[in-house]
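Biologist: I've got a model open on my screen and would like to go through it with you. Could you take my questions one at a time?

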Amino acid sequence: MYELNPSVKHHTIIGAIIGIWIFLFIIFIRPFEHGDMNTRIWFYVGLGFSLAVLVSYIILSFVQRIVYFRLSKWSIGLEALGLIFFYLLYSISTYLFYRSPILNGSYGVFEFLTTIMVPSALVSAPVIVFARRYALKFVPRKATTITITGENKLDVLKIQKNDLVCVSNSQNYVEIFFLDTGELKTKLIRTSLKKIRQDFEFLIQVHRSHLINPSHFRAWKNQNTISLTKMELPVSKSYKERLLSL
């Protein structure tokens, strides 16, 4: 499965780095020039284009986070669509800036895309791909330990994220199913299934009374039942489509 770091904070850092790189590239290389473009104009060009990169990338980071948590996966196809979405936002914002009174550019849409944006994309795309695939490996990731709390002070359960199998509704409580040294154990916590779903977005709802950790999905036993690690759960028709994509 293609990996994605869904952290908006980490991607904001990447967007800022790419924006600074674009600014320096424009200031020193001056990839396009027409008319009377002095140092002050080039500074505005670099600043405007770099801010457009940052804003476009931040918007992408929010959109990809939503998609990632809804699908509980990421793929090469989604990665490609994400980059296309980014360059679409970047092209629109830079063209509006280019035609604004600040620069008063003379290129039309087609000429702007072919003369400025295509070369810009060819130069920046490898940098963006490299940043997304490798630079994030050097950013410390959040601990894999999760803490599930309830309404009572004693309702606390700290476990590894990968050890959480599923969460089931039990009247005014939820029953947490988790692995402890390979054995399936349970704990009742006074809270709601809705709150658990909001607190832990990686969980997938398969029934009005059940949430599962998708990493513990094993197979379909029949049309209405799935096998998880060391247990089975019913599946509602309304949630089947989501599970079929796993």
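Modeller: Sure, and keep in mind that this is a predicted model. Let's begin with the second largest pocket, which holds about 160 Å³ of space.

Biologist: Which residues are the closest to the centre of that second largest pocket?

Modeller: The lining of this pocket is made up of 14 residues. Of those, the closest to the centre are Phe25, Pro31, Ile116, Pro119 and Ser120.

Biologist: And which helix gives the largest share of the lining of the second largest pocket?

Modeller: Two helices, helix 1 (8-29) and helix 4 (109-133), each supply at least two residues of the lining. The largest share is six residues, and the helix they come from is helix 4.

Biologist: Let's move on to the sheets. Which strands stand at the edges of the open sheet of five strands?

Modeller: The strand order in this sheet is 5-4-3-7-6, and the pairing is antiparallel. A strand at the edge has a single partner strand, so one of its sides is left without a neighbour in the sheet. Going from one strand to the next, the twist averages 25 degrees. The two edge strands are strand 5 (183-189) and strand 6 (204-207).

Biologist: Is strand 3 largely enclosed by the rest of the structure or left open, and how many of its residues are buried?

Modeller: Strand 3 covers residues 164-170, seven residues in total. Buried means under 20% relative accessible area. Strand 3 is largely enclosed by the rest of the structure, because the number of buried residues is five of the seven.

Biologist: What are the bridge partners of serine 168 in strand 4 and strand 7?

Modeller: Strand 3 runs antiparallel to strand 4 (residues 173-180), with six bridges joining the two. Strand 3 also pairs with strand 7 in the antiparallel sense, over three bridges. For serine 168, the partner in strand 4 is glutamate 175, and in strand 7 it is histidine 210.

Biologist: Which residue takes a positive phi in the hairpin of strand 3 and strand 4?

Modeller: This hairpin has two residues between its strands. The phi in question is near 55 degrees, and the residue that takes it is glutamine 171.

Biologist: Over in strand 7, which residue does histidine 207 stand opposite?

Modeller: Strand 6 and strand 7 (residues 210-212) are paired in the antiparallel sense over three bridges. They form a hairpin, with two residues between them. Opposite histidine 207 stands histidine 210.

Biologist: Is asparagine 213 buried or exposed?

Modeller: Asparagine 213 sits in the loop between strand 7 and strand 8 (217-222). Its contacts, leaving out residues up to four places away in sequence, include Lys161, Phe202 and Leu203. With a relative accessibility of 3%, asparagine 213 counts as buried.

Biologist: Which residue has its backbone oxygen 2.9 Å from a polar atom of the side chain of asparagine 213?

Modeller: Among the residues that asparagine 213 touches are Asn162, Leu164 and Val165. The one with its backbone oxygen at 2.9 Å from that side chain is leucine 164.

Biologist: There's also an open sheet of three strands. Which residue in strand 10 does isoleucine 226 stand opposite?

Modeller: That sheet has the order 8-9-10 with antiparallel pairing. Strand 8 and strand 10 (231-234) are its edge strands, each pairing on one side only. Strand 9 (residues 225-228) pairs with strand 10 over four bridges in the antiparallel sense. Isoleucine 226 stands opposite leucine 233.

Biologist: Last one: what does the side chain of lysine 240 reach at 2.7 Å?

Modeller: Lysine 240 lies in helix 6 (residues 240-244), and at 21% relative accessibility it counts as partly exposed. Setting aside residues up to four places away in sequence, lysine 240 touches Trp220, Gln223, Asn224 and Val235. Lysine 240 and glutamine 223 are 17 residues apart in sequence, with 9.0 Å from C-alpha to C-alpha. At 2.7 Å, the side chain of lysine 240 reaches the backbone oxygen of glutamine 223.

Note on methods
Residues numbered from 1 in each chain as written. Predicted model: local features only at pLDDT ≥ 70, side-chain atom pairs only at ≥ 80, totals over all residues. Heavy atoms only, no water. Pairing = 2+ DSSP bridges. Axes fitted to C-alpha atoms, helices over the stretch in contact; angles between N-to-C directions. Buried < 20%, exposed > 50% of the residue type's maximum accessible area, 1.4 Å probe, protein only. Contact = heavy atoms within 4.5 Å. Polar contact = N/O pair within 3.5 Å; in protein donor to acceptor, adjacent residues only side chain to side chain. 1 Å grid on protein atoms, 1.4 Å probe; cavity = no way out; pocket = protein on both sides within 12 Å on 5 of 7 lines; lining within 4 Å. Points joined across faces, edges and corners; volume = space filled by probe spheres on them.
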